[in-house]
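I opened a new notebook page for this one. Here is what I looked up, in the order I went.

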Amino acid sequence: RMEAGEPVDVLVLDYMDILAAPNRARRMDERNQINATWEEMRRISQVYDLALITATQGNRSMYDSDAEQGSTSEDKRKAAHVTCMFALNQKPYEKEQGLIRVGVLFKRDGDANLLQEATVLHAFSLGKVHIASFLTRKKMAEHSKANKNQKDGRATFKK
């Protein structure tokens, strides 16, 4: 339990996209209001030196594949406002086994290894979000094939 005036180190917002837009953005369309909200929350996290953790939805391309760079719903500008963005991926058989894969999508400082994931064993029904974890590497053959036709040299990661 917190008392008024105590400093906050971590702020968890369950789905920032549905927060009310800042006053300056109220007359904007919904897409720009969401962007203004992400901008404002980035500013608040910097001013108060706190870790802000939230979630966002993926776009339709993720329905049958894993999250990757460019998979954020509505607006790619969300990635411009974060220090780090993770993807949580889970196939039906992994869900049944209590596994989830966590990978970095964007990282402001340093390089993000887009080919590395952490596979986490959990038991949400028991309130255990982490029982064990290990690093895994995405299948190179699939990514090499997907990237073969890239003209600009940027990697894409599709399943």
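**Entry 1: helix 1**

Which residues of helix 1 are buried? I found Ile34, Asn35, Ala36, Thr37, Trp38, Met41, Arg42 and Ser45. I took buried to mean under 20% relative accessible area, exposed over 50% and partly exposed in between, with a 1.4 Å probe and protein chains only. These buried residues pack against strand 1 and strand 2.

Before going on, I noted what I was looking at. This is a predicted model, in which local features need pLDDT of at least 70 and side-chain atom pairs count only at pLDDT 80 or more, while totals for chains, interfaces and linings use all residues. Residues are numbered from 1 along each chain as its sequence is written, and side-chain values use heavy atoms, with hydrogens and water left out.

Helix 1 covers residues 30–47. It has 18 residues and reaches 26 Å from its first C-alpha to its last, close to the 26 Å expected at 1.5 Å a residue. That expected span is 1.5 Å times one less than the number of residues.

I then picked out Thr37, which is found in helix 1. Thr37 is buried, with a relative accessible area of 4%. Setting aside residues up to four places away in sequence, I saw Thr37 touch Met16, Leu19, Ala20, Ala21 and Pro22. A contact here means heavy atoms within 4.5 Å.

**Entry 2: the whole chain**

I stepped back to list the elements. The chain has three helices and six strands, and from the N terminus on they run β-α-β-β-α-β-β-β-α. Helices (H or I, at least four residues) and strands (E, at least two) are DSSP runs, numbered from the N terminus. Of the 159 residues, 30% count as buried. Among contacts with a separation of 6 or more, 37% come from residues 24 or more positions apart.

**Entry 3: how the strands pair**

I counted two strands as paired if DSSP finds at least two bridges between them. Strand 1 (residues 10–13) and strand 2 (residues 51–54) run parallel and are joined by four bridges. Leu11 has Leu52 in strand 2 as its bridge partner. Strand 1, helix 1 and strand 2 make a right-handed β-α-β unit. Right-handed means that, with the strands pointing away from the viewer, the path from the first strand over the helix to the second runs clockwise.

Further along, strand 4 (residues 99–107) pairs with strand 5 (residues 116–123) in the antiparallel sense over five bridges. There I found Gly103 bridged to Glu117 in strand 5. Strand 5 is also joined to strand 6 (residues 128–137) by seven bridges, again antiparallel. Ala123 stands opposite Lys128 in strand 6. The hairpin of these two strands has four residues between them, and Gly127 takes a positive phi near 75° there.

I also checked Val129, which is found in strand 6. At 60% relative accessibility, Val129 counts as exposed. Leaving aside neighbours within four places in sequence, Val129 is in contact with Val120, Leu121, His122 and Phe124.

**Entry 4: the nonpolar core**

Which residues make up the largest nonpolar core? I listed nine: Leu13, Met16, Ile34, Trp38, Met41, Val82, Met85, Ala87 and Leu105. Helix 1 and strand 3 (84–89) each supply at least two of them, and helix 1 gives the most, with three residues. A nonpolar core is a set of buried Ala, Val, Leu, Ile, Met, Phe, Trp, Tyr and Cys residues joined through side-chain atoms within 4.5 Å.

**Entry 5: two positive phi angles**

Most residues other than glycine have a negative phi. I therefore looked twice at Tyr15, which is not a glycine but has a positive phi of about 75°. Tyr15 is found in the loop between strand 1 and helix 1, and at 22% relative accessibility it counts as partly exposed.

Asp49, also not a glycine, has a positive phi of about 50°. Asp49 comes just after helix 1, in the loop between helix 1 and strand 2. It is exposed, with a relative accessible area of 65%.

**Entry 6: confidence**

My last check was pLDDT, the predictor's confidence in each residue, from 0 to 100. The chain has a mean pLDDT of 79, and 75% of its residues reach 70 or more. Over residues 148–159 pLDDT stays under 50, and the model has 15 contacts beyond four places in sequence for them.
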